[in-house]
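Biologist: I should like a close look at a single part of this model, with the cut-offs behind each term stated. Please choose one part and follow its contacts outward.

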Amino acid sequence: MSSGKRAVDRSANRWTGLCLAILLIAGSLLTACGEQDIAPAQSSALPPLSPTNTPEPAPAVGLLGSDNLSRTTIKANLVGSGSTFAAPIYSQWLNANDPKSFVKSSPGVNITFQAIGSGSGRAALLGTPVAAVNDINPTVPTDFAGSDSPFNATGLLSASSKGQLVHLPVAVGAVVAIYNLKEVPQLKLSGPTLAAIFQGVITSWNDPAIVKENLDAKLPGKPITVVIRKKGTSSGTTDIFTRYLSVVSDKFREQFQPDGSFKWAIKSLSEGGTTLEGTTNEEVATNVRTGDGRIGYVDQGVADSDQLKTAYAAIRNKTGRFIYPNLDNVSAAASGSFIPDDFRTFIVDAEGSETYPIVGFTWLITWRDLKQMPAPSKDKAAALTSFLWWAIHQGQTDLPKGYAPLPASLVPRLERLFLTEKINNPVEKVFLYEGQPLLAQP
């Protein structure tokens, strides 16, 4: 072994020390700014999650730079699971053939992500047994969860016996209403009409409500076949979609309580109805593609994928404009929304003439004190922290098609999860290991 190689190996265990030196230099550049306590969630009210205080803005990290904490020579194995909505993001971020991926900058860190659904991912993080999904036998417990639904108040309380959870938003995505209707290459739908379709109230494509919104289209008198996520499973995509329907439709809100495990009233084939089910977004898209007259909901990334490319409707936003999602109007929805201090919020039906209305964050959820990770070690904790930092910086420039980066104004607030200031950002507000900040200033 060369002396240079030995030097690299010795440096592998000095990650934290190097970061301390960097932070010591950068610390004096930070303006004092507090982060508020975790806000209580309201799982049944709309808006569903609310903070206790108005968040204070945080300054950019400045000379610390986004690169300094985004790579490490540490060797560690990490496992996450959850969102099928976010699976393409993790697939790209962890692709060794992608020159921009995290594993290219930190080849000693091996990260596996199992796409089993948001609810199952959150359960696996807590160590709750999870059933196999599409031939995936989930690892339990995991080091982190990918989820498009945050833990609600009940979930946070359940987890509190083990430790405090951190919700780190890593991207913004749109949910789209995909359809298969050969006669109609472009379809427009308002929120109330979309809600009535998924309630089973509107059952034909030439229903007056659909006709009124598509005067330039020749709508056939075909029956509508609705495709939903499988009943009894927890889906972040479903959570975003049903929360949107609850906001825009009084009738939907009065009849149903939106959440990731939504109890659809429309009957599936197994119940003697005509509704189809899909275990994942990909299965929903496949079911829609293979039958004329069908409609479903998936994330935009799946609908735009080369393998499952499917038409989707323009959705009417709050100003009355029918909008197709793109990077600008999806980001605009997040930029114009109030985001609480714990980052748990839904951003559906946002203000603005340019916003697409069915939008949500996808979060990476893990423990504030990373000693709670399975088989914990300081190297594992440092490796995960490096990945988290990379995700909110370099990762924002390496998102697959159909996903928008975080609002630039949000990133400085997320950076404060990593940095300790003696006065305004106390120890309990940052990532820890055995009660001590991973990146504390001396």
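Modeller: Helices (H or I, at least four residues) and strands (E, at least two) are DSSP runs, numbered from the N terminus. With that convention, the part I have chosen is Ser235, which is placed in the loop between β6 and α9, together with helix α9 itself. The model is predicted, and therefore local features need pLDDT of at least 70 and side-chain atom pairs count only at pLDDT 80 or more, while totals for chains, interfaces and linings use all residues. Residues are numbered from 1 along each chain as its sequence is written, and side-chain values use heavy atoms, with hydrogens and water left out.

As a setting, the protein chain holds 15 helices and 14 strands. Of its 442 residues, 57% are buried, where buried means under 20% relative accessible area, exposed means over 50%, and partly exposed lies in between (1.4 Å probe, protein chains only).

Ser235 counts as buried because its relative accessibility is 1%. Its side chain makes a polar contact of 3.3 Å with the side chain of Arg229. A polar contact is a pair of N or O atoms within 3.5 Å; within protein, one must be able to donate a hydrogen and the other to accept it, and residues adjacent in sequence count only if both atoms are side-chain atoms. Ser235 also reaches towards the helix: at the start of α9, one of its side-chain oxygens comes to within 3.2 Å of the backbone nitrogen of Thr237.

Helix α9 itself runs over residues 236-248 and has 13 residues. From its first C-alpha to its last it reaches 19 Å, close to the 18 Å expected at 1.5 Å a residue; the expected span is 1.5 Å times one less than the number of residues. The helix is mostly covered, with 11 of its 13 residues buried. Among these buried residues are Gly236, Thr237 and Thr238 at one end of the list, and Tyr244, Leu245 and Ser246 at the other. Polar and charged names such as Asp239 and Arg243 also belong to the buried set, as do Ile240 and Phe241.

One neighbour of α9 is helix α11, residues 281-289, whose buried residues are Asn281, Val284, Ala285 and Val288. These four cover an arc of only 95° around the axis, which puts them on the same side of α11; the arc is that of the directions from the helix axis to the C-beta atoms. A general rule is relevant to such a pattern: an α-helix has 3.6 residues a turn, so residues three or four places apart point the same way. The buried residues of α11 pack against α9, and also against β4 (165-180), β6 (225-229), β7 (276-278), β8 (294-299) and α12 (300-304).

A second route outward from α9 leads through Phe198. This residue touches Phe241 and Leu245, as well as Val226, Val227, Ile228, Trp264, Ile266, Ile295, Gly296 and Tyr297, not counting residues up to four places away in sequence. Contact here means heavy atoms within 4.5 Å. Phe198 is also one of the members that touch the most others in the largest nonpolar core, which has 116 residues; Tyr90, Trp93, Leu194, Ile295 and Phe387 are listed with it. The largest share of this core, 12 residues, comes from β4. Apart from it lies another core, of 5 residues, including Ile116, Ala123, Val130 and Val133. A nonpolar core is a set of buried Ala, Val, Leu, Ile, Met, Phe, Trp, Tyr and Cys residues joined through side-chain atoms within 4.5 Å.

Thr275 shares some of these contact partners. It lies in the loop between α10 (250-255) and β7, and it counts as buried because its relative accessibility is 5%. Thr275 touches Val226, Ile228 and Ile266, and also Lys267, Ser268 and Leu269, again not counting residues up to four places away in sequence. Thr275 and Gly200 stand 75 residues apart in sequence, yet their C-alpha atoms are 9.3 Å apart in space.

Links across the sequence also appear in the totals for the whole chain: among contacts between residues at least 6 apart in sequence, 73% join residues at least 24 apart. In summary, Ser235 is a buried loop residue with a side-chain partner in Arg229 and an oxygen directed to the backbone of Thr237, at the start of a helix that is mostly covered.
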